[in-house]
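How can a reader who is new to a protein model find a way through it? The paragraphs below go step by step, and they are best read with the structure in view.

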Amino acid sequence: FPSSLSLIRPAPDMRSSAAPDVVLCLGDRSRQMMESGHHVHKSRLVSFGTFRRNVDIERTSQPRPEKQTILVLPQGFLWEAKILFDFSMRLAKLLPGHHFILRCHPFMPFSWVRPHLSSVPENYPNIEISPVGDFDADVGRASVALYMGSSSVVYTILRGLFPVHLRVAGHPDEDPLYDLEIWRRVVLNVEEAKEMMMRYPAADVEQTLSNW
């Protein structure tokens, strides 16, 4: 992330040097971000793999907006799960024709989140709580990924999902797709999200595939 200042622009001091001789970077994009800050220290940057897992070609799916199913993906933070799930319940009221899958982080069961929510998800006919199980199965049923900071959204793109980033004032903007200019939408409120979700299934098929 651009906010990782000590990684992008290391600041050596007398106690412990933060400027290494060699930096192993996760992918070319990370290397490009870090090069200028490390160049002055004569560090050597090497692209060394990537955090994106490999996906078999036959498992990679194309966009499927007709499914009208939104997979909600918080990180393993209670505050983020509460924001995303409360937001999803408000949105579900406005989009009765859409289906919502609320999926908690594997390290944070839904039983931890439930007492903090403003409403009861089970009372909504178009909302389901996903058990912590097969992530690919949930992705395969969805058309949109609603997220804030979860890096799992990267994998959903490989399976054809359209990523929608919820940006909330007063909370850190840690979008893993911050550098993506085309295949992503940022929403600030429920009204924007509703408009986007309704428009996406009606988008031109060829243009959607091109953007993906």
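A good place to begin is F48, a residue that is exposed, with a relative accessible area of 52%. The model in view is a predicted one, and in it F48 is found in the loop between strand β2, residues 44-47, and strand β3, residues 69-73. Together with V22 and L24, F48 makes a nonpolar surface patch of about 290 Å². In general, nonpolar side chains in soluble globular proteins tend to be buried together. A residue counts as exposed when its relative accessible area is over 50%, and F48, at 52%, is therefore in the exposed class.

From this patch one can step back to the whole protein, which has eight helices and eight strands. Along its principal axes, the C-alpha trace spans about 60 × 45 × 30 Å. The protein exposes about 12,000 Å², of which carbon and sulfur atoms supply 55%, while buried residues make up 42% of its 212 residues. Among the contacts between residues at least 6 apart in sequence, 63% join residues that are at least 24 apart.

The interior comes next. The largest nonpolar core has 47 residues, and those with the most contacts inside it are F85, L91, V113, L146, V164, L166 and M197. Helix α3, residues 78-94, gives the most to this core, with eight residues. The buried residues of α3 include A81, I83, L84, F85, F87, M89, L91 and A92, and E80, D86 and S88 are also on that list. What span should the 17 residues of α3 have, at 1.5 Å a residue? The expected value is 24 Å, and the end C-alpha atoms of α3 are 25 Å apart, which agrees. V113 shows how the core meets this helix: leaving aside neighbours within four places in sequence, V113 is in contact with L78, A81, K82 and F85, as well as with C104 and M108.

Charged side chains offer a further set of links. Side chains of opposite charge can pair when their charged atoms come close, and a search of the whole structure finds 12 salt bridges. One of them joins D136 and R159, with 3.7 Å from N to O. D136 lies in helix α5, residues 135-141, and R159 lies in the loop between α6, residues 153-158, and β7, residues 162-166, so this pair ties together parts that are 23 residues apart in sequence. Both D136 and R159 are buried.

Other salt bridges involve residues that are partly exposed. R114 forms a salt bridge with E122, and their closest N and O atoms are 2.6 Å apart; R114 is partly exposed at 40% relative accessibility, and E122 is partly exposed with a relative accessible area of 40%. In helix α7, residues 190-199, E195 and R199 are four residues apart and are thus separated by about one helical turn. An α-helix has 3.6 residues a turn, so residues three or four places apart point the same way. E195 and R199 form a salt bridge, the closest N and O atoms being 2.9 Å apart; E195 is partly exposed at 45%, and R199 is partly exposed at 42%. Elsewhere, R103, E128, D138 and R141 are linked in a network of salt bridges.

The loops hold some further details of the backbone. K42, which is found in the loop between α2, residues 28-39, and β2, has a positive phi of about 60° although K42 is not a glycine. K42 is exposed, with a relative accessible area of 74%. Q68, in the loop between β2 and β3, also has a positive phi without being a glycine, with a value near 50°; Q68 counts as partly exposed, at 26% relative accessibility. That loop between β2 and β3 is where F48 is found too.

A last stop is P172, which is found in the loop between β7 and β8, residues 185-187. P172 is partly exposed, with a relative accessible area of 48%. How far apart in space are P172 and Y155, C-alpha to C-alpha? The distance is 22 Å, for two residues that are 17 residues apart in sequence.

Terms used
Residues are numbered from 1 along each chain as its sequence is written. This is a predicted model: local features need pLDDT of at least 70, side-chain atom pairs count only at pLDDT 80 or more; totals for chains, interfaces and linings use all residues. Side-chain values use heavy atoms; hydrogens and water are left out. Patches are made of residues with over 30% relative accessible area and no salt bridge: like charges are joined within 9 Å, nonpolar side chains (Val, Leu, Ile, Met, Phe, Trp, Tyr) within 5 Å. Accessible areas come from the Shrake-Rupley method with a 1.4 Å probe; for residues, only the protein chains shown count as cover. A salt bridge is a side-chain nitrogen of Lys or Arg within 4 Å of a carboxyl oxygen of Asp or Glu. Helices (H or I, at least four residues) and strands (E, at least two) are DSSP runs, numbered from the N terminus. Buried means under 20% relative accessible area, exposed over 50%, partly exposed in between (1.4 Å probe, protein chains only). A nonpolar core is a set of buried Ala, Val, Leu, Ile, Met, Phe, Trp, Tyr and Cys residues joined through side-chain atoms within 4.5 Å. Contact means heavy atoms within 4.5 Å. The expected span of a helix is 1.5 Å times one less than its number of residues.
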